[in-house]
Amino acid sequence: MTERQKDRPWLMRTYAGHSTAEASNELYRRNLAKGQTGLSVAFDLPTQTGYDPDHILARGEVGRVGVPVSHLGDMRRLFQDIPLEQMNTSMTINATAMWLLALYQVAAEEQGADVSLLQGTTQNDIVKEYLSRGTHVFPPGPSLRLTTDMIAYTVNHIPKWNPINICSYHLQEAGATPVQEISYAMSTAIAVLDSVRDSGQVPEERFGEVVARISFFVNAGVRFIEEMCKMRAFGRIWDQVTRERYGIENEKQRRFRYGVQVNSLGLTEAQPENNVQRIVLEMLAVTLSKDARARAVQLPAWNEALGLPRPWDQQWSLRIQQVLAHESDLLEYEDIFAGSHVIEAKVDSLVADCLAEIDRIQEMGGAMAAVESGYLKGELVASHAERRARIEGGQDKIVGVNCFEQTEENPLTADLDGAIMTVDPATEAQTVERIVRWRAERQESSDRQGGGDPFVFPTVMQALDRLKEAAAGTENLMEATLECARAGVTTGEWANALREVFGEFRAPTGVSSAPVAVTAEEGTPMALVREKVARTAEDLGSGRLRLLVGKPGLDGHSNGAEQIAVRARDAGFEVVYQGIRLTPEEISSAALAEDVHCVGLSILSGSHSALVPDVLERLRTAGAGDVPVVLGGIIPNADAIALKAAGVAAVFTPKDFGITEIIGRIVDEIRKANKLDPLEVSA
């Protein structure tokens with residue numbers, strides 16, 4: 001053992017939140033008691049996208065992938081008996097980040113906390129929402145303004161807070177290569193820093209404080225060497241950009257600060273026990289190298305490809321971190337990769353390629369322009385299509401999926417439906433009832449308040465009018481948002497007020513511009529599927545088969561839907577894909593208007609049991625009940641059985657990784673629905 005002092009471990013988090021604020025609070029306190037050293041809050045999709053639980057788009061989504069926080073009362077309950085002044089809290093929130101920070105600050109004030117001592121992070125990276133995660137609300141310009149105002153406010157009032165976490169995590173989930181991941185994240189950081197600088201809200205001499213509070217949230221995949229080199233390249237480029245573009249001389253302020261969630265994209269439904277070693281390898285990529293070590297780490301659970309992890313599953317992931325940090329000798333040494341010519345050569349290559357791509361994006365007008373033009377989204381869709389093609393072709397091997405598939409019975413999944421946590425469907429109704437009661441009680445309180453000073457105790461309408469006035473002008477929006485939080489405004493009301501001023505934004509899908517990823521040479525599976533598509537269209541007397549790919553509800557994970565759309569297009573389908581965030585009514589109406597031969601729904605958020613039967617019923621009512629509906633997503637086995645009984649023609653889950661095969665099976669369902677004989681062509 002060396003004589004040097006052992007390094008302090010990174011912050012250990014578990015990404016958690018579900019059902020209700022009370023249930024999540026109990027989970028947080030249990031996790032902290034187990035040795036977790038920071039909180040990482042998962043919000044449900046209505047909270048992330050600015051809707052109240054009783055909005056039509058929130059149906060089936062409340063409390064599913066995170067905790068619903070609709071107003072100050074929910075934030076109080078979420079952190080009850082957790083001293084926020086002593087906590088380091090990460091909140092995965094983007095479009096509504098300003099609103100959630102305001103609720104957090106007011107809840108802390110009510111605890112008696114010194115706001116200037118609050119520590120934590122709001123993700124607040126809207127660019128990656130347009131590209132990969134899909135929880136954006138407002139157009140790029142207003143979204144950048146919200147981010148800019150938040151950064152300026154925190155630097156001046158909550159100096160220990162990280163007001164933005166530039167998030168490349170979801171870029172890799174959407175198929176980004178290491179070069180794309182670094183380049184797009186750095187281009188986002190440049191857009192944000194330029195905006196803060198140009199806003200004039202922070203004096204030039206204090207701009208180093210802005211740079212010092214910028215953090216990053218990255219993905220670590222299973223390609224261990226490449227991922228570790230990626231982090232070293234990230235740090236080198238950040239140091240260069242902040243020094244040369246912004247003139248930051250203080251080395252400490254230029255430090256690349258990042259947290260990590262290791263890769264969930266690579267977790268498999270097939271042989272899910274293999275996910276444990278994948279998670280360990282991915283964690284090593286961001287912890288072994290001292291010079292590129294993460295400041296905070298959160299690990300997914302082994303069963304996330306099956307559904308919502310249980311507390312025990314999350315504990316297992318926490319223990320993985322603790323064993324490495326406290327039992328191994330990792331933290332006793334300097335950087336063990338220093339001087340490696342292999343590592344240095346790989347890092348040099350990544351840096352050169354990334355700087356060239358960053359320059360290309362800057363020539364387009366920067367990250368926001370590249371979002372609006374569709375360039376970034378198109379590149380990601382194409383990259384993801386290439387990755388999927390390599391997996392299906394066997395060039396990229398995934399143990400248990402496309403190789404070494406024979407397996408013993410898995411005791412962890414012997415009770416498949418018991419291997420994940422489920423959210424009681426009654427929770428949504430209770431949450432809706434509670435927000436109705438909140439609105440009524442705050443109104444009674446406002447009525448009793450009478451003629452109080454509206455700038456000290458604003459009513460809901462006064463606070464919202466004040467917010468809209470500020471949004472229509474140029475002042476910082478944080479103070480008006482804090483007034484809304486104190487007045488009892490709800491998440492949906494805050495977002496709707498800004499929608500009135502800013503409008504909404506539907507991001508490019510990237511499907512139409514994606515190149516062909518799987519060729520159709522004679523004898524290939526793709527050629528056989530193309531033949532099935534053409535012969536079926538001919539048998540139906542239709543020029544082309546038409547497939548509607550729909551994303552009902554608020555689930556913004558569109559990668560799978562986009563890949564199905566691209567592959568179906570390449571197989572000869574006419575594809576109707578309108579992007580994310582549609583109601584069952586909008587999807588069924590589009591299916592009727594386009595006279596499609598099949599409807600394909602994609603849902604990964606858990607809302608399938610509420611939304612899919614609605615689509616089926618609307619099609620039946622409209623006389624289109626013979627149009628087959630297929631479903632893809634993270635669908636527990638019991639739910640799949642129930643949905644098939646309700647009329648779904650086929651259910652595809654992550655184990656069905658062959659997209660070309662899926663397209664072939666969709667053609668089979670179209671033939672079956674139209675009473676055509678099966679084709680002998682095998683895909």
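**Note on the predicted model: salt bridges, sheet and selected residues**

1. The count of salt bridges in this structure comes to 48. The coordinates are those of a predicted model, and the points below take up three of the pairs, followed by the sheet, several single residues and one annotated segment.

2. One of the salt bridges joins Arg77 to Glu22, with 3.2 Å between the closest N and O atoms. Arg77 belongs to helix α3 (residues 72-78) and Glu22 to helix α1 (residues 21-33), so this pair ties together parts of the chain that are 55 residues apart in sequence. Arg77 has a relative accessibility of 25% and counts as partly exposed. Glu22, with a relative accessible area of 33%, is partly exposed as well.

3. A second pair is Arg439 with Asp54, whose side chains meet in a salt bridge at 2.9 Å, N to O. Arg439 sits in helix α16 (residues 426-449), while Asp54 is in the loop between α2 (45-49) and α3, so the pair ties together parts 385 residues apart in sequence. The relative accessible area of Arg439 is 21%, which makes Arg439 partly exposed. Asp54 is partly exposed at 36%.

4. The side chains of Glu500 and Lys468 also meet in a salt bridge, at 3.3 Å, N to O. Here Glu500 in helix α19 (residues 491-502) is linked to Lys468 in helix α17 (residues 460-472), and the two are 32 residues apart. Glu500 is exposed, with a relative accessible area of 60%, whereas Lys468 is partly exposed at 23%.

5. The Arg77 and Glu22 pair should be read together with its neighbours in the network. Glu22, Asp74, Arg77 and Arg434 are joined into one network by salt bridges that share partners.

6. The sheet to inspect is an open one. Five strands make it up, in the order β2-β3-β4-β5-β6, and the pairing is parallel. Strands β2 and β6 (161-162) are the edges, each pairing on one side only. Strand β5 (residues 119-122) and β6 run parallel and are joined by two bridges. Within this part of the sheet, Thr121 stands opposite Asn162 in β6.

7. A helix is placed against that end of the order. Helix α4 (residues 97-110) lies across β4 (88-92), β5 and β6, and runs at about 150° to β4.

8. Is Asn31 buried or exposed? Asn31, a residue of helix α1, has 3% relative accessibility and counts as buried. With neighbours within four places in sequence left aside, Asn31 is in contact with Thr14, Ala16, Gln36, Gln314 and Leu318. Helix α1 is also the helix that holds Glu22 of the salt bridge to Arg77.

9. Ala189 is in helix α8 (residues 178-199) and is buried, at 2% relative accessibility. Leaving aside neighbours within four places in sequence, the contacts of Ala189 are Ile166, Phe216 and Trp238. Ala189 and Asp348 are separated by 159 residues in sequence and, C-alpha to C-alpha, by 21 Å in space.

10. Two residues deserve a look at their backbone angles. Ser19 is not a glycine, yet has a positive phi of about 65°. Ser19 is located in the loop between β2 (15-16) and α1, and counts as buried at 12% relative accessibility. For Asp595, also a residue other than glycine, phi is positive and near 50°. Asp595 lies in the loop between α22 (584-594) and β13 (598-603).

11. On annotation, an unreviewed UniProt entry carries the feature "domain: B12-binding" over residues 544-673. In the model, the chain over residues 544-673 is 48% helix and 18% strand. The C-alpha atoms at the two ends of this segment are 17 Å apart.

Methods
Residues are numbered from 1 along each chain as its sequence is written. This is a predicted model: local features need pLDDT of at least 70, side-chain atom pairs count only at pLDDT 80 or more; totals for chains, interfaces and linings use all residues. Side-chain values use heavy atoms; hydrogens and water are left out. A salt bridge is a side-chain nitrogen of Lys or Arg within 4 Å of a carboxyl oxygen of Asp or Glu. Helices (H or I, at least four residues) and strands (E, at least two) are DSSP runs, numbered from the N terminus. Buried means under 20% relative accessible area, exposed over 50%, partly exposed in between (1.4 Å probe, protein chains only). Contact means heavy atoms within 4.5 Å. Two strands pair if DSSP finds at least two bridges between them. Axes are lines fitted to C-alpha atoms, for helices over the stretch in contact, and angles run from 0 to 180 degrees between N-to-C directions. UniProt positions are given in the numbering used here, feature names are shortened, and annotations may be inferred rather than shown by experiment.
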